[in-house]
Amino acid sequence: GGLWFSFKRHLRFLKETGFVDARDRLTPDGYWASKLRLDQPLLIADFVANDVPADVKPEIMAGGLAPFVWDRTQGMDLKMMWRLDLNEMEGTFYRILDHIKEIRDLKKRRDFENSLILFWPAAALYHWAKGIPWEELLGFISIDEGDMASLVMRTADHLRQVVSLKETHPQLAPVAEKAISLIMRE
């Protein structure tokens, strides 16, 4: 019965969040969200569906997805971050948090796991996409090179998922493509 119970619990959650309709069928948002192969598909789908402006900059999109990719909770020392201009990314980050607050609160109430959404991955990917040199990036954030490389790779994977939404989100796909080319440089 555990599996069935788990299924019913997930189904109820998907109904409450508008991804499944009253007849237990995927809604249009539910349909494309179900194709996403992501770490936190609902949070990202919710944000993408409702809150990403058509003229979003690729570096903001890369930064905006990065926090969903980082699954470890350790806080991070942002050294000398004051030398970076983070206003634009910070504004977007708090808008994202604000936007997904409802869905995260619901997850908590329904006893689903809620990962921490941290700011530093957003800051890191935003600046990496804007062209900061790798050594300098690692100088700003106390993370080892392997972890940073993994964060970049996984963010690129998430961006590829957005590229795959060409049909439903034609204006976002090319931005995601551009973001990938910015963060996958040598």
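Setting aside neighbours within four places in sequence, Glu59 makes contact (heavy atoms within 4.5 Å) with Tyr126, Ala129, Lys130 and Leu182. The residue sits in helix α4, which covers residues 58–69; helices here are DSSP runs of H or I with at least four residues, strands are runs of E with at least two, and both are numbered from the N terminus. With a relative accessible area of 13%, Glu59 counts as buried, the cut-offs being under 20% for buried, over 50% for exposed and partly exposed in between (1.4 Å probe, protein chains only). Asp24 is 35 residues from Glu59 along the chain, and their C-alpha atoms lie 37 Å apart.

This is a predicted model, with local features needing pLDDT of at least 70 and side-chain atom pairs counted only at pLDDT 80 or more, while totals for chains, interfaces and linings use all residues. Residues are numbered from 1 along each chain as its sequence is written, and side-chain values use heavy atoms, leaving out hydrogens and water.

As for the overall fold, the protein chain has 9 helices and 0 strands, so it is no surprise that the pattern along the sequence reads α-α-α-α-α-α-α-α-α. The radius of gyration, taken over C-alpha atoms, is 17 Å, close to the 16 Å that the globule rule gives for 186 residues, so the chain is as compact as a globular protein of that length; the rule is 2.2 Å times the number of residues to the power 0.38. Along the principal axes, the C-alpha atoms fill a box of roughly 50 × 35 × 25 Å. Of contacts between residues at least 6 apart in sequence, 75% join residues at least 24 apart.

Then there is the interior. Of the 186 residues, 47% count as buried. The largest nonpolar core (buried Ala, Val, Leu, Ile, Met, Phe, Trp, Tyr and Cys residues joined through side-chain atoms within 4.5 Å) has 62 residues, and Met148, Leu159 and Ile183 have the most contacts inside it. At least two residues of this core come from each of α2 (28–34), α3 (41–51), α4, α5 (87–109), α6 (120–129), α7 (134–140), α8 (145–163) and α9 (173–183). Helix α6 supplies the largest share, 8 residues. Beyond its neighbours within four places in sequence, Met148 is in contact with Ala124, Trp134, Leu137, Leu138, Ile141 and Ile143.

On the outside, the accessible surface comes to about 10000 Å², and 54% of it belongs to carbon and sulfur atoms (Shrake-Rupley method, 1.4 Å probe).
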